[in-house]
Amino acid sequence: MSHRLFTLFFVTTFWALSLESPLFRDFPKKRSKLQDLIQQITSCDKECGGIHPPLLKLQHASEPRAICNDGSRASYYFHNARSKSWVIFAQPGSLCYDPGSCFARNTKYKVLTTSWNIPSNKTGESVLRTDPINSLFWKYNMVDINYCSSDLFLGNTSLRSDVGVYFRGKEILFSIIKDLITFHNMKSDHTIYFVGSSAGGIGVLVNFEEILNMFKDMGFGSLNVRLILDDSWYTEQFNSEFPCYDWPRMPCITNQTLTEAFQAWNVDVKSQCGDKYEKNASWNCIFATNALKGLESVPVFAIQNQYDNYQLIMSKVLPIPTTETSMGVLKRMSSMLDIGKMVRSEISSLPEETSALKCWLRNPDMDRTVEEILGKTQRQRRSAVDSGHDCSYRVEDECDFPQCNSQCVPLNSALGSDRSVWSPDTLLYLSTQVSLELSIYSSDRSAMERLSNLARRVTS
C-alpha cells in the first residue's frame, strides 16, 4: 500500500473508532459512510495497484535466433496479473526490404531496428493499460512485442540477408509465444487475445494458422483465442495512374516490390492462403480477405480506418505532389473514396466476422469501441445459440467521407500548407479552380464535372 493511502487509512480508521464513543452514538449514518469510505480506499488500493498502475517490464526472447535487424536480442514487455486471460500485442511500424529503404529506416527510425538501449519498463497504453480506464483488459496478463525486424513479423532469414540486416520477425513472434508458455505459465484453458496494429496485425494474421498449430503441438487441446486487427485491413489497390514515391517509414509498394520483399525476408506462409499461391506470390496473404479464409473458426475483430494513411500511400494516392493540378488532386480524392468504399465493402461482406470501422488506435475511444463490440457480440452470440442462429455485430461511422469524423487522422495535402485534403476550404478552392481547368482538358470533361460536383456535395 502506498504511503499516502496508508496515512489516509490510518487517519480515517482513527476517526471511525472514535465514532464509537458516546459523543457520536447518535450519528450512525456518519459512521456508516465513513466505514464505507475506508472500505473503498482499501479495495481500490488492492485492486488498482495503488496510486501508480503497474509497469510492463522488459524481457528478452530466450531463442538465440530471435534477433532484430542489427542482431540484438528480440524483446518484449510483460505484466503478470496472475490471470487466466492474456492480451498479446504486436506493434506497428511499416517495413524495409532493400538497402535503400533499410538504410533510411535505420537512420531515421533506429528504434524500429534494434533492442539496444530501450527502457527496462514502460507504461502500457490503450489495450495495454494496467488501470481500470482499460476496463476490458486491465486485469489481464499483458505482452507488448517490440517490432524491430522490419518484415511484418514474417521474415526467417538464416544469416544476414543480402541487404545487410537480419529479418527474423517470424522467429521473434513464435519464440516469444513459446516463452509465455514455458516461463510465464500460459495454459491451455486460458483465454488469449492476439492484438496487432498495422504491421503487427498483418504479421499475426498471416501467421495465425501456424500459431494455432504450434499451440496444438505443445499440448494445448482446446483453445480459446481471439484476434483483434487494428488498422491492419489492407486491400489490394495498386493504382498505376499515379507515380510511386518512397516515404521515410514506408517505401513505394507494388506487386514487384512485395515479391522482392518476401524474397529478401525468406517468407514461408504455412496456411491455407499460403498453399493457394506460389512462394513468390505468397505476399497476397497480407490482404485480409485472402488470409482470413483459413480462420473461419476464430472470432476476428477488425477495427479499421477506411482511409488509412498507409493504405493510401500503398495505393499511390498519397502523397500529393506540390505541382499537382486541381483536377489531379480531385482525381486522387475520387480514388480515396473508391478505396474507402472497397475497404468498407470487404469488411461488411464477411458474414462470420465482427467488424468495426474506426479512426485510429490512439483514439481515446479505442477501448470503449472494442468493449462495446465484444460485449454486444457475446450477448448476441448467446442469444443466437439459444435461437439456433448465428450472428455478427458491426459498428460503423454513418458518413463515409474522409474527415467527416473529427477524431480521424488528417490526410494532409501538399497544396502549400498543412490543410487537410478534405477540409472545406481546400474543397471550395478546388471546386472553383477545376472549372478553369475544364476548358483546358475538355477531353475529360465528364469525369472532371463529376469530381467537381463531388467537391461541392462534400462542402454543402
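Let's start with a cysteine pair: Cys68 and Cys148 are both buried, and the two are joined in a disulfide with 2.1 Å between their sulfur atoms. The model here is a predicted one, with 13 helices and 10 strands in its secondary structure. Of its 460 residues, 53% are buried. Below is a quick tour through the disulfides, the strands around strand 2, the nonpolar cores and helix 6.

**Disulfides**

- The structure has 3 disulfides.
- The Cys68–Cys148 link is left-handed, with -70° about the S-S bond. This pair bridges distant parts of the chain, 80 residues apart: Cys68 sits in the loop between strand 1 and strand 2, while Cys148 sits in the loop between strand 5 and helix 4 (169-183).
- Cys96 and Cys102 make another disulfide, with an S to S distance of 2.2 Å. The link of Cys96 and Cys102 is right-handed, at 90° about the S-S bond, and both of these cysteines are buried.
- Cys273 and Cys285 are also disulfide-bonded, their sulfur atoms 2.1 Å apart. Here the S-S bond has -110° about it, which is left-handed.
- Cys273 belongs to helix 7 (residues 272-276) and Cys285 to the loop between helix 7 and helix 8 (288-291), so this link ties together parts 12 residues apart in sequence. Cys273 and Cys285 are buried too.

**Strand 2 and its partners**

- Strand 2 covers residues 75-79, and 5 of its 5 residues are buried.
- In a regular strand, side chains alternate between the two faces of the sheet. For strand 2, both faces are covered: Ser75, Tyr77 and His79 are buried on one side, and Tyr76 and Phe78 are buried on the other.
- Strand 1 (residues 56-60) runs antiparallel to strand 2, joined to it by 4 bridges. Across that pairing, Tyr77 of strand 2 has Leu58 opposite.
- Strand 5 (residues 141-145) also pairs with strand 2, again antiparallel and over 4 bridges. Phe78 has Val143 of strand 5 as its bridge partner.
- Strand 1 has a further antiparallel pairing, with strand 4 (residues 121-122), over 2 bridges. In that pairing, Leu56 stands opposite Lys122 of strand 4.
- The Cys68–Cys148 disulfide fits into this part of the picture, with Cys68 in the loop between strands 1 and 2 and Cys148 in the loop that follows strand 5 on the way to helix 4.

**Nonpolar cores**

- Nonpolar side chains in soluble globular proteins tend to be buried together.
- The largest nonpolar core here has 87 residues, and the members touching the most other members are Phe194, Phe208, Leu227 and Trp265. Helix 5 (residues 199-217) contributes the most to this core, giving 10 residues.
- Leaving aside residues up to four places away in sequence, Leu227 touches Phe194, Val204, Leu205, Phe208, Leu295, Val298, Pro299, Val300 and Phe301.
- There's also a second, separate core of 15 residues, with Leu56, Val127, Phe137 and Met142 among them. Leu56 is the residue that stands opposite Lys122 in strand 4.

**Helix 6**

- Helix 6 spans residues 255-265, and its buried residues are Thr257, Leu258, Thr259, Ala261, Phe262, Ala264 and Trp265.
- Trp265 is also one of the residues with the most contacts to other members of the largest core.
- Just past helix 6 comes Asn266, with a positive phi of about 60°.

**The whole protein**

- Among contacts with a sequence separation of 6 or more, 73% are between residues 24 or more positions apart.
- The protein exposes about 22,100 Å², and 52% of that comes from carbon and sulfur atoms.

Terms used
Residues numbered from 1 in each chain as written. Predicted model: local features only at pLDDT ≥ 70, side-chain atom pairs only at ≥ 80, totals over all residues. Heavy atoms only, no water. Buried < 20%, exposed > 50% of the residue type's maximum accessible area, 1.4 Å probe, protein only. Pairing = 2+ DSSP bridges. Core = buried A, V, L, I, M, F, W, Y, C linked by side-chain atoms within 4.5 Å. Contact = heavy atoms within 4.5 Å. Areas by Shrake-Rupley, 256 points an atom, 1.4 Å probe, with all protein chains shown as cover. Disulfide = S-S within 2.5 Å.
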